[in-house]
Every structure is written in C-alpha cells, then in structure tokens.
Amino acid sequence: MRKRKAVRLPRETRRQQILEAARVEFEEHGYLEAKVSRIAGQLGVVEGTVYRYFPSKRALLETLIADWYEQQTQRQREGLAGLRAFREKLRFVARQHLLTLVENAAFCAVLLKESRGQGGNLAIMVRQMNREYSQSLTQLVAEGLTSGQLRPLLPARLLHHLLYGALEQLFWDHFQRPRELELDTHNRRIAGRATHGLRRHRAAPGPRPRSGPQGGGGTGAGRAAPERTPARSLREQCP
C-alpha cells in the first residue's frame, strides 16, 4: 500500500492558521501560560512548523495585535466614509469602539494586560497603533471645531481620553460581570456626555440668573464648576 503524501499548504494559508490557533491559545490561557506545543497541536503539526513562521511566542502575539489593529482601523474608516453629519460620526466612533471591545473581549483582555507599562517593545508598538486607530476621533474633533459645532474648551487629546476611557470602563464592567449590554443606549449617553458643554448652544431666552452673594465662591465658583466636571471624570477614568 502506497504511503499517503502530506499536502503542503500555501505559506500564507499556513501562516493564517497558526495565527488563528495562537489567538485561541492566548485567549484561553493568557500569554504567560500559553504554549507553542498546544498551538502546533491544534493544527496537527510539530512545534518546528510554528517556529518556521514565527521565531518566538512573543512574535506571534505582536503579529496578532498588529493585524487586529489594522483590521479595526480599516473597519472604522470605512464606516465613517458613508456618514455626513457630525453627530452621526461621533456616535458611530463611540459605538464601533465599544462593539469592538465587546466582540473581542478575551483578546482585548490579553492585549491590555500584556501592553501595560511604560517601556518594552510591545507597549511602544501598541501605543503607536492606538494613535493610528484613534486618528478618526482626532480628525472628527478637528472637523467639529472647524465647522463651529464644538467650542475649544478641551484639547482633542483630553476629549479622546474622556470618550474612550468611559467606553473602556463600561467594557471592563461587562467583562467582569457578563450581562446583556445595550450598546445603542450606552453609546448615545456616553457620546452625548463626552461632548456636553463643548457643543455650541443657542442662548436661552430671558435674563441670565445672577450669582449669589459674595463670600461663598461667588460668580467665579458658579461658572467654574461645570468646566471642572469633565476634568474630574477624566482623572477618575485614567488614573
């Protein structure tokens, strides 16, 4: 009986298979406990096959993260291309970000855990890719300022942290205590509050109320309180 000859897969097909198996391994066991032998076992190949495509377990994780960021960035840009109104764009960015976190919860947990810290190649790489991913929001804020729909009360960077920080806190609550997540409801609330006080509003009819008597903070304290709220929330979201 003739021995059956093994089928050699195209290089890109095998590479993609290895990445998919590696993602399953990282999500189930975390980076530190993940084993290349189990990744190879999922595919029915020896460890040496995996190492022919990726020199180390770290290289596998870095490639997965880079490919994932590229896919999510492209997905966001394509979705924004079909929208015109500023508010629609802002809600789309917020909803897409939250949806991305929820749909990729296990992988995002690995990504955030392994990329935390001030140094290291992975942390630097993730920060760079995150800047590219968030360019859509940065450009959206610039568009709002240029068109007059936003007032320049907060720098774009702070608004970015305020919006994404709130969404990521919501994701972590969902991840730690899984339950049904009303994406559209939370999206409207967060996107609205992120820009509350930044949108240009028409002046309310009638005389403006006078400030209280001097000595209790006066006019300065009364006007400053609403502007301090976003900054206080930012510190709570981004310690």
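These notebook entries record what I looked up in one predicted model.

**Entry 1: helix 8.** I began with helix 8, which runs over residues 135-147 and has 13 residues. From its first C-alpha to its last it reaches 18 Å, close to the 18 Å expected at 1.5 Å a residue. I then listed the buried residues of helix 8 and found S136, L137, L140, V141 and G144. Looking down the axis of helix 8, I noted that these buried residues fall within an arc of 135 degrees, so they line one face of the helix. The general background is that an α-helix has 3.6 residues a turn, so residues three or four places apart point the same way. On the other side of helix 8, I recorded Q139 and T146 as exposed. I also checked what comes after helix 8: G148 follows, and its phi is positive, near 85 degrees.

**Entry 2: T100.** I located T100 in helix 5, which covers residues 86-103. Is T100 buried or exposed? T100 counts as buried because its relative accessibility is 3%, and the cut-off for buried is under 20%. Leaving out residues up to four places away in sequence, I found that T100 touches W68, Q72, R75 and C108.

**Entry 3: the nonpolar core.** I turned next to the largest nonpolar core, which has 48 residues. Which residues have the most contacts inside this core? They are F26, L60, I65 and Y69. I followed L60 further, setting aside its neighbours within four places in sequence. L60 is in contact with I18, L19, A22, F26, I39, V50 and F54. F26 therefore appears in both of my lists for this entry.

Note on methods:
Residues are numbered from 1 along each chain as its sequence is written. This is a predicted model: local features need pLDDT of at least 70, side-chain atom pairs count only at pLDDT 80 or more; totals for chains, interfaces and linings use all residues. Side-chain values use heavy atoms; hydrogens and water are left out. Helices (H or I, at least four residues) and strands (E, at least two) are DSSP runs, numbered from the N terminus. The expected span of a helix is 1.5 Å times one less than its number of residues. Buried means under 20% relative accessible area, exposed over 50%, partly exposed in between (1.4 Å probe, protein chains only). The arc is that of the directions from the helix axis to the C-beta atoms. Contact means heavy atoms within 4.5 Å. A nonpolar core is a set of buried Ala, Val, Leu, Ile, Met, Phe, Trp, Tyr and Cys residues joined through side-chain atoms within 4.5 Å.
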